[in-house]
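Visitor: Got a minute to walk me through this one? I'd like to start with how the chains fit together.

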Number of protein chains: 2
Amino acid sequence: MRKTGILFAAVAAAFLLSGGTARASDDLMERAKSLFKPIPKELKEVKGVRITPALIELGKALYFEPRLSRSGFISCNSCHNVGMGGADFQQTAVGHGWQKGPRNSPTVLNAVFNLAQFWDGRAPDLKEQAKGPIQASVEMNNTPAAAIKTLKSMPGYAKLFAKAYPGDADPMTFDNLAEAIEVFEATLLTPDSAFDKYLEGKGKALGAVEKSGLSKFISKGCAACHGGINMGGTGYYKFGVKERVAEGLMTGDKGRYKVTTSEDDEYTFKSPSLRNIALTPPYFHSGRVWSLEEAVSIMGSAQLGTMLDKDDVSDIVAFLHSTTGKQPKVEYPILPAPTDSTPEPKLD
Amino acid sequence: MRKTGILFAAVAAAFLLSGGTARASDDLMERAKSLFKPIPKELKEVKGVRITPALIELGKALYFEPRLSRSGFISCNSCHNVGMGGADFQQTAVGHGWQKGPRNSPTVLNAVFNLAQFWDGRAPDLKEQAKGPIQASVEMNNTPAAAIKTLKSMPGYAKLFAKAYPGDADPMTFDNLAEAIEVFEATLLTPDSAFDKYLEGKGKALGAVEKSGLSKFISKGCAACHGGINMGGTGYYKFGVKERVAEGLMTGDKGRYKVTTSEDDEYTFKSPSLRNIALTPPYFHSGRVWSLEEAVSIMGSAQLGTMLDKDDVSDIVAFLHSTTGKQPKVEYPILPAPTDSTPEPKLD
């Protein structure tokens with residue numbers, strides 16, 4: 001009798017425990033589904049513009065086109081390298097004349113899902129974003145007129161623009177150039193990460209440590225700023241909500257304040273997407289932190305007022321690794337041939 | 001009778017003329033076949049090394065790997081851009097710290113067919129060539145040890161090397177790195193140009209102007225230095241055999257003399273391949289000439305002692321355009337992810 005009783009109790013306990021675990025597990029998936037969304041395999045349109053093969057082809061050529069820069073040496077892909085998680089593994093961007101830019105290059109991958117572009121959100125979309133670096137003296141240091149003049153010197157570009165904008169009498173404009181780049185960038189998605197498979201209902205897509213990391217990512221509060229489809233890119237937040245951030249990390253950058261000149265926005269930045277984040281050190285707008293563990297730990301204290309312990313950090317980092325999706329397949333574009341009237345690059 | 005006689009004479013003349021033209025046309029093709037060879041679609045091996053998918057995959061990653069440079073910003077593809085005829089549209093190469101290199105970047109396309117590499121032939125093959133720019137202070141400014149240390153910090157590279165060198169206990173060497181790049185570069189061929197189709201027997205692959213250009217290219221003497229499969233890359237020749245070259249064009253560069261220190265080699269350079277030449281202005285070792293017409297004209301006077309007239313130049317240029325082949329299809333490599341031990345790039 002006693003033995004049977006013990007056995008019964010043990011079985012019951014085991015049943016309850018496993019049931020409990022399954023329930024906790026289901027709960028985690030449900031909570032995750034309510035906070036995040038998987039990256040889709042492709043988009044059909046971006047801001048009302050239908051994504052066509054001709055627009056992608058033009059946009060891809062422009063994205064890889066160093067002759068859009070004054071020097072003829074720097075393209076979009078120089079700092080947003082499609083083979084390097086969409087970024088450049090630099091503290092801050094390298095630009096014209098070997099200048100060091102003010103901020104770390106954000107990834108282009110999935111960037112279409114951000115509420116706005118740049119660390120300070122000063123461009124409402126990728127189209128406006130694309131116009132920035134081409135003109136920034138510290139980046140490509142060109143002018144719209146010079147860029148278009150260069151493109152117009154190459155019949156191959158006239159063909160690409162005409163095909164991408166069939167109804168347009170004069171399609172070779174800076175605006176269309178930027179839009180085509182936007183369209184190409186909207187194809188740079190990274191679906192099918194382990195985390196996305198989990199979000200699609202495959203419980204086994206994440207291991208125990210990754211699930212623990214996901215659970216902590218939610219319970220500690222990370223998901224508040226890093227939620228949604230892009231796990232970030234959804235709003236602006238003060239860097240150092242709970243604890244002042246070291247000056248070496250902040251580098252005097254007032255973030256969105258420069259855009260709005262509202263005191264509320266001092267030291268606020270757009271929360272970056274954490275998708276594929278393991279591929280793109282260094283971290284933060286200043287690019288001063290090279291280790292993902294350290295970055296997570298800093299976020300704990302600075303944003304959440306929590307000292308994350310070693311296990312918390314390594315679990316969360318394991319979870320973040322699970323967001324690395326299938327990287328985009330990009331066939332290198334054969335760029336249009338120059339002609340005698342193509343302006344010579346200028347290194348000065 | 002008289003009329004018949006005239007008619008007969010006219011028919012005979014027409015017959016003879018057309019026969020004569022056909023014969024001249026056949027002759028041209030035969031002469032061309034004796035001087036040039038079409039670019040093959042692919043190679044099975046390079047200098048005894050079998051070209052395998054694993055070697056290509058490794059070599060391609062390395063070719064696009066900016067972290068092989070001290071700055072983490074410059075890859076082989078920066079100056080030998082596979083989308084820009086295998087070159088960079090720069091007078092001379094841009095390198096570490098925005099330095100301007102001493103010579104124009106030669107194309108990587110079909111470079112495997114050259115008798116040696118660099119303008120002065122100082123590297124016997126692409127494998128030795130690949131080791132140069134990685135270490136040159138004016139290019140990637142790195143060291144073999146630092147490059148290998150960087151690669152060893154990324155497990156993705158360990159896998160790629162192990163796959164490419166399956167029998168090798170310690171495959172991550174600078175020598176294997178260079179060999180893999182050589183193998184990838186040996187896939188960068190441009191077959192199927194109009195000229196190659198002509199060489200394969202399709203008489204109509206070239207138009208009348210192109211054929212006239214080909215005929216002049218041979219009869220004026222261009223083919224003497226620009227013959228063979230690569231239309232160049234077959235020997236070393238003094239720049240200015242017949243007529244002294246302007247100092248602005250020569251830029252004091254003694255060419256192969258630096259390699260051999262033989263007076264005979266003063267101002268001699270390897271004849272560059274003229275395949276796809278229309279894609280890769282500017283021209284000559286100094287990159288001082290941006291127009292292909294002008295380059296052809298200079299060659300006429302400097303090398304052949306001939307003042308080519310306007311028609312000669314435009315016919316030859318039309319012919320040179322016909323050597324532009326199918327550009328290589330390259331899927332952008334997804335580069336291995338960095339780790340916390342991957343050395344930070346250094347811009348200084």
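Guide: Sure, we'll take the symmetry and the interface, then one helix; keep in mind that this is a predicted model.

Visitor: What rotation superposes chain B on chain A?

Guide: A rotation of 180° with 0.0 Å of shift along its axis does it, at an RMSD of 0.0 Å. The two copies are thus related as by a two-fold rotation axis.

Visitor: Which residue of chain B comes closest to that axis?

Guide: That's B:Glu331, with its C-alpha at 2.1 Å.

Visitor: And how many residues does the contact take from each chain?

Guide: There are 47 from chain B and 47 from chain A. The copies meet through the same surface, because 100% of the interface residues of chain B are also interface residues in chain A.

Visitor: What area is buried there?

Guide: About 3900 Å², with carbon and sulfur atoms giving 68% of that. In chain B, the residues losing the most area to chain A are B:Phe73, B:Trp98 and B:Tyr332, together 23% of what that side buries.

Visitor: How many salt bridges and polar contacts between the chains?

Guide: Zero salt bridges, but 16 residue pairs are in polar contact across the interface.

Visitor: Switching topic: which residues are buried in H5 of chain A?

Guide: In H5 (residues 144-152), A:Ala147, A:Ile148, A:Thr150 and A:Leu151 are buried. They sit on the same side of the helix, because they cover an arc of only 155° around the axis. On the other side, A:Ala145 and A:Lys149 are exposed.

Visitor: What do the buried ones pack against?

Guide: Helices H2 (53-63), H6 (155-164) and H7 (174-185) of chain A.

Methods: Residues numbered from 1 in each chain as written. Chains lettered and ligands numbered in written order. Predicted model: local features only at pLDDT ≥ 70, side-chain atom pairs only at ≥ 80, totals over all residues. Heavy atoms only, no water. Buried < 20%, exposed > 50% of the residue type's maximum accessible area, 1.4 Å probe, protein only. Helix = DSSP H or I, 4+ residues; strand = E, 2+ residues; numbered from the N terminus. Arc of directions from axis to C-beta. Contact = heavy atoms within 4.5 Å. Least-squares fit on C-alpha atoms with pLDDT ≥ 70 in both. Buried area = accessible area lost by both parts, 1.4 Å probe. Salt bridge = Lys/Arg side-chain N within 4 Å of Asp/Glu carboxyl O. Polar contact = N/O pair within 3.5 Å; in protein donor to acceptor, adjacent residues only side chain to side chain.
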